[in-house]
Amino acid sequence: MKTTTTTRIVGAPVHRKEGVDKLLGRARYVDDIEREGMWFGATVRSTIPRGIIQSVSFDRRIDWSEFVIATAADVPGDNHIQLIVADQPCLADGIVNHCDEPIILLAHLDKHKLREAVDAVRVEYQPLPPVFTIEESEQQKQVVWGKDNLLKSFVLNKGDVDSVWGDAAHIVEGEYRTGAQEHLYIENNGIIAEWSDESGVTVWGSLQCPYYVHKTLIKVFDLPDNKVRVVQTETGGAFGGKEDYPSILASHAALLAKKSGHPVKMVYDRMEDLAATTKRHPSRTRHRTALDKDGKLLAMDIDLATDGGAYSTLSSTVLSRATLHAPGPYSCPNVRVTAKAWATNNVPYGAFRGFGAPQTIFALERHMDEVAAALGMEPVEFRRRNFLHQGDTTATNQLMREPLMMDELLDRALKASDYYAKRARFAAENPNSMVKRGMGIAAFYHGSGFTGSGERILNSLAGVEVTADGVVQVLVSNTEFGQGTNTVLTQIAAEALGIDYDDILMAAADTGLVPNSGPTVASRTVMVVGRLIERAGTQLLNMLREHAGLGATYTREEFFAACERYRKAKGDVVSLVRYEAPPGIHWDDAKYHGEAYPSYAWSVHVAQVAVDTVTYSAEVEEFWAVQEVGRVLNPVLATGQIEGGVAQGIGYALYEKVVLKDGHMANNQMTNYIIPTAEDVPPIHVYFEEIPFSHGGYGAKGIGELPHDGPAPAIVNAIKDATGVSFRQIPLLPEDLLTGLVAHEQAEAPASL
Amino acid sequence: MSTTGRAIHFTINGESRTVQAPPMKRLLDVIREDLHLTGTKEGCGEGECGSCSVRMNGELVNSCLVPAMQAEGAEIQTVEGLAHDGALHRVQQAFLQCGGAQCGICTPGMLMAAVQLIERNPHPSLAEIREGLAGNLCRCTGFMRIFESVLAAATNENIAEPKKVEHAR
């Protein structure tokens, strides 16, 4: 299905807005920036997972008079990071709840003196018993957070799950687990902060959400809004990893800046970034599924638990998205999802592309293959029999009003991958080969934008402005970190205003200059903020037509001339618009009923995998990603988003293992936390279907997170197809495959006499 | 910042330069701190990610692993030395067109690896491109757009006249 709307710039593969600066090496990332008189900061961190701080001593071999030292006692306001629940200290105060928790900050003129100084600060603790796993936290023998270790819980209920078990033709159960995952943006976290008594705090840094950092700094420094300014610098990858953490680092750099009287730069090295910053939540999902004799879903009873780490960070909203994606793109009359996020003494987990959905979609799409096998059905046909269609309701009783094409996506994926012929060929070849090949699929959706009432609460404001210098600027707080915000929002503004792409600039993501158009998360930028820019453009044209004589058609020169007439007559040429929810969006947060998301992107993935039974390595040989994401605003950038997400999903399934030892990441180096390289990533084939969403920017829905949801289950389903062994956890490194395959062989072997 | 150390002479992007640096200072830091050529990035500091890749005497090196003294008398090229005659290098042009750069942090090192590859092997196969770029990690693209960029630059097919750029060499 192709869109028929004619557009000039939207839909065209225009070049990345900041592409030339990046290619010339002149884009300025935080570590490329120096400020006059700048010092450097470093962090003394907890070496134990849980305990009471008894004493701090400073080794006399260091001349401490050269250093500035900051502790919790130096926090002028509230010593807490302001996310959903303000439970996480900016600096530990008397107690530590995880390894690598920040306790003391040091600043010095010479950054090369800091490492030795950090090592020369000795903290003595009275250790307390730690909790490291979901199961230990559930037992509540040690209460490490609140009254019961429970960071958040949800129950989603549709129909009456308990009524169907007696009548079910089949009941299939399974438990699935996912590990932590590191974002591994290539640019580590970094911030520069300055303090002045007149203007307060200014920070520049690598971050996704300037207004999140702003909210924390106001509280930490007890300052009015206008005395805190947050500016995003060019950001070298984020993936959610720079959604919550920069609020902590910005507070630290600003505390040192205030106390030292110098600008202070803090840029983590890789080991510190890996050990101390957030990762994807580990999860455990239990499925119990009832089916009728025809293989139709009768009930899905899903029990979800996540490890949130030591503080609540974004665990509640991650759990929410995980809950809402747990039942997937299937029609089922009775659904229950019981979801709990548990506190442990691991480093707090946080936002990561997909935000809980990759965890529950892994469980669901692995389970769907297990259910199909139990029924003796083909995985493809079992899914097809149960897909959601237009007019059906989801697990939250959301009516699917917009057209929905899971069947077509599946058909296209099967055809593109030559799925059936390959499965037949591999089934014939595998018995005589040490390398076993298989095909696996995953079908899923990803909700675009904030969950439920979230976008209403955000109440985003965005716009366009024509400056007195004749520059058209897009005014948003949404940030570019590789995904293409600058480019697609410029395309939308150019399209709406009827001028050229090159006539438009993105205003700096600077809280002193731009309105709060919400965070750059949740696959919301092109759909929600893009729509605001489209509306702001239309509104500006109406202003120019009404007050400055702009004609129905106009040239570029006539547009700018009209802007100048407007300026003389009315003042600033600015058009701001505020979010308006699409009609018919109702959400009951208490019951978890209603329109969970204004729109969904839909996808089918197919993985072709080879498992080497000599080396026990699994390799993805080829990958197909078919998706319906609304209007594709820039085909080159959109394709790049899908390919990058698939590669990250392949890493999640087969390469990336966070090894925790007493709550500290033991493999906190790129040498032994392995991500897919140019030699590991298979050919990735990307296909788009487009059903424009009437309330998204020029018909766009969300795209950024979707491609991370499918690879892991598709790959592990392919491993089962190849080997006959059902793996129920990721990551699957060679040692994990060895364990599973050997155990399977032993179970299959005839008992010795 | 430090003026200690010894004088080290080399040519970088065609210019003869002398810096005072401790002999074991990382070439990466000499390039970024002493010469203020901040296009070269640090990603891991242990030679795994390739973000700090520069070309030295015709070899691709991780500048985070090269002590400054080893650069004595060397010819070095960084990302800042790719564009010439006020226009992008054709590899840069190909990356621009094909979407080879997303967040941009691996891009300088990736470009140096791609230029090195094409100069050594003007018509690389896809397998040779994969091998040639295997020391440079990208977390955004999944590499597909990068492979396409390098293939396009090597064949010169579908590549526009390199874009004119202000303030480039």
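Helix H5 of chain A, residues 245–260, lies across strands E1, E3, E5, E9 (190–196), E10 and E12 (264–267) of chain A, and runs at about 40 degrees to E9(A). The model in which this arrangement appears is a predicted one, and the helix offers a convenient way into the sheet that it covers.

That sheet is open and is formed by 7 strands of chain A, in the order E3-E5-E1-E12-E9-E10-E11, with mixed pairing. Strand E3 (68–70) and strand E11 (228–232) of chain A stand at the edges, and because each has a single partner strand, one side of each is left without a neighbour in the sheet. On average, and with direction ignored, neighbouring strands of this sheet are turned by 25 degrees against each other. Within the sheet, strand E1 (residues 39–45) and strand E5 (residues 102–108) of chain A pair in the antiparallel sense over 6 bridges, and Thr43(A) has Leu105(A) in E5(A) as its bridge partner. Another helix of chain A, H4 (residues 210–221), also packs on the sheet, where it touches strand E10 (200–205) and E11 of chain A, its direction making about 150 degrees with that of E11(A).

Seen as a whole, chain A is divided into domain 1 (19–27 + 460–578), domain 2 (33–128 + 189–267) and domain 3 (283–451 + 590–747). The C-alpha centres of domain 1 and domain 3 of chain A lie 37 Å apart, and the contact between these two domains takes 18 residues from domain 1 of chain A and 23 residues from domain 3 of chain A. On the domain 1 side, the elements that give two or more residues are helix H13 (485–497) and helix H14 (525–548) of chain A, and the largest share, 7 residues, comes from H14(A). By class, this side of domain 1 of chain A has 8 nonpolar, 6 polar and 4 charged residues.

From the contact between domains we turn to the contact between chains, which takes 41 residues from chain A and 43 residues from chain B. On the side of chain A that touches chain B, helix H1 (19–24) and helix H16 (635–654) of chain A are the elements that give two or more residues, and H16(A) gives the most, with 7 residues. Sorted by class, the side of chain A that touches chain B has 18 nonpolar, 12 polar and 11 charged residues.

Notes: Residues are numbered from 1 along each chain as its sequence is written. Chains are lettered from A and ligands numbered from 1 in the order in which they are written. This is a predicted model: local features need pLDDT of at least 70, side-chain atom pairs count only at pLDDT 80 or more; totals for chains, interfaces and linings use all residues. Domain bounds come from an automatic or database domain assignment. Two residues are in contact if their C-beta atoms, placed from the backbone, lie within 7 Å. Helices (H or I, at least four residues) and strands (E, at least two) are DSSP runs, numbered from the N terminus. Ala, Val, Leu, Ile, Met, Phe, Trp, Tyr, Cys and Pro count as nonpolar, Asp, Glu, Lys and Arg as charged, and the others, Gly among them, as polar. Two strands pair if DSSP finds at least two bridges between them. Axes are lines fitted to C-alpha atoms, for helices over the stretch in contact, and angles run from 0 to 180 degrees between N-to-C directions.
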